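Visitor: I would like to learn how to read a model such as this one. Could we go through some features one at a time?

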Amino acid sequence: MNPKLLPERIVCLTEETTETLYLLGEEERIVGISGFTVRPPRARKEKPKVSAFTSAKIDKILALRPDLVLGFSNLQADIARDLIKAGVAVYVFNHRSVDGILAMIRTLGALVGAEDRARALIDRLGEHMELVRRSGESLSRRPRVYFEEWDQPLISGILWVSELIELAGGENVFADVAGEPLASGRIIHDPHEVVRRAPDIIIGSWCGKKFRPEQLAARPGWETVPAVRDGELHEIKSSDILQPGPAALTDGLDQLAATIHRWAERRA
């Protein structure tokens, strides 16, 4: 592709596209990032922060003269609308699965002329996931896992998290609603439904605030939940698993697998 046809000034409104562009060696194209970006750590030092998640500094973005803005999901639709009205090219990803994450990497690679490097990254991630899957298959018991994205109201894990739990050797107790793309579709209206599904492990990832296992354990009736009874209450930071990018398939998956394997080893 003619290099002159590729975007040279990209603003990333969420972390996963920033992380991916750095992994592809295309970070020089980035001129602005989300304030929630933590991957890679150097991005926060090198790039101006121009957005939160559902809000952005439109004037500041326009001042950067971007030729492409990358967003994610319906939650950034208003930001995308305002930028489009201002004449900016916007590409909004809307993936919710492991395959969707890999497709995002492939598409982003094509957008910046790094198709070969994107394929190589996808291959590396696929090989890593396959190793974790094989290790999970060796477990004599598969624990039942409840993944909590939020506590007020209770919200269970999104599809890629559910898929990663299965890859790591566990069974998501709310797999039946994991495919709901919006968080509102994964609200657990009756907290006792968690009690009824009796998870062996509970993982909290409260979208940017610290998981409080003592608060969870104190919920009425939850003392009978195997995970609460056995002290199997764990945290995975949302930046490690709830950003739909490479980190979820590496650090997030590895933390899931380590927790599940420790549980299985204690019961071997």
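Visitor: R196 and E193 both sit in helix α8; how many residues apart are they, and what does that spacing amount to in helical turns?

Guide: Keep in mind throughout that this is a predicted model. R196 and E193 are 3 residues apart in helix α8 (residues 192-197), which separates them by about one helical turn. Their side chains meet in a salt bridge, at 2.9 Å from N to O.

Visitor: What is the general idea behind such a pair?

Guide: Side chains of opposite charge can pair when their charged atoms come close. In this model the count comes to 25 salt bridges.

Visitor: Are R196 and E193 buried, partly exposed or exposed?

Guide: R196 is exposed, with a relative accessible area of 53%. E193 has 22% and is partly exposed.

Visitor: Which residues are linked with these two in a network of salt bridges?

Guide: The network consists of D176, D190, E193, R196 and R197.

Visitor: Where do I look for a salt bridge that links distant parts of the chain?

Guide: Take D230 and R267, whose closest N and O atoms are 3.6 Å apart in a salt bridge. D230 is in the loop between α10 (226-229) and β10 (233-235), while R267 is in the segment after α12 (246-266), and the two are 37 residues apart. Both count as partly exposed: D230 at 36% relative accessibility, R267 at 25%.

Visitor: Which parts does the salt bridge between E232 and R266 tie together?

Guide: The side chains of E232 and R266 meet at 2.5 Å, N to O. E232 lies in the loop between α10 and β10 and R266 in helix α12, so this pair ties together parts that are 34 residues apart in sequence. The partners should also be read for accessibility: E232 is buried, with a relative accessible area of 3%, whereas R266 is exposed, with 51%.

Visitor: Now for charge on the surface. Which residues form a positive surface patch?

Guide: When reading a patch, bear in mind that its members have over 30% relative accessible area and no salt bridge. Here R44, K49, K57 and K60 form a positive patch. R44 is found in helix α2 (residues 41-46) and is partly exposed, with a relative accessible area of 34%.

Visitor: Why is helix α1 described as largely enclosed?

Guide: The step needs a cut-off: buried means under 20% relative accessible area. Helix α1 covers residues 15-23, and 8 of its 9 residues are buried, so the rest of the structure largely encloses it. The buried ones are E15, E16, T17, T18, E19, T20, L21 and Y22. After α1 comes G25, with a positive phi near 75°.

Visitor: How many helices and strands does the protein chain have?

Guide: The protein chain has 12 helices and 10 strands. Its radius of gyration is 20 Å, close to the 18 Å that the globule rule gives for 268 residues, so the chain is as compact as a globular protein of that length.

Visitor: What box do the C-alpha atoms fill, and what share of the residues counts as buried?

Guide: Along the principal axes, the C-alpha atoms of the protein chain fill a box of roughly 60 × 35 × 30 Å. Of the 268 residues, 52% count as buried.

Key:
Residues are numbered from 1 along each chain as its sequence is written. This is a predicted model: local features need pLDDT of at least 70, side-chain atom pairs count only at pLDDT 80 or more; totals for chains, interfaces and linings use all residues. Side-chain values use heavy atoms; hydrogens and water are left out. Patches are made of residues with over 30% relative accessible area and no salt bridge: like charges are joined within 9 Å, nonpolar side chains (Val, Leu, Ile, Met, Phe, Trp, Tyr) within 5 Å. Accessible areas come from the Shrake-Rupley method with a 1.4 Å probe; for residues, only the protein chains shown count as cover. A salt bridge is a side-chain nitrogen of Lys or Arg within 4 Å of a carboxyl oxygen of Asp or Glu. Lys and Arg count as positive and Asp and Glu as negative; His and the chain ends are not counted. The place of a charge is taken as NZ of Lys, CZ of Arg, CG of Asp or CD of Glu. Helices (H or I, at least four residues) and strands (E, at least two) are DSSP runs, numbered from the N terminus. Buried means under 20% relative accessible area, exposed over 50%, partly exposed in between (1.4 Å probe, protein chains only). The radius of gyration is taken over C-alpha atoms; the globule rule is 2.2 Å times the number of residues to the power 0.38.
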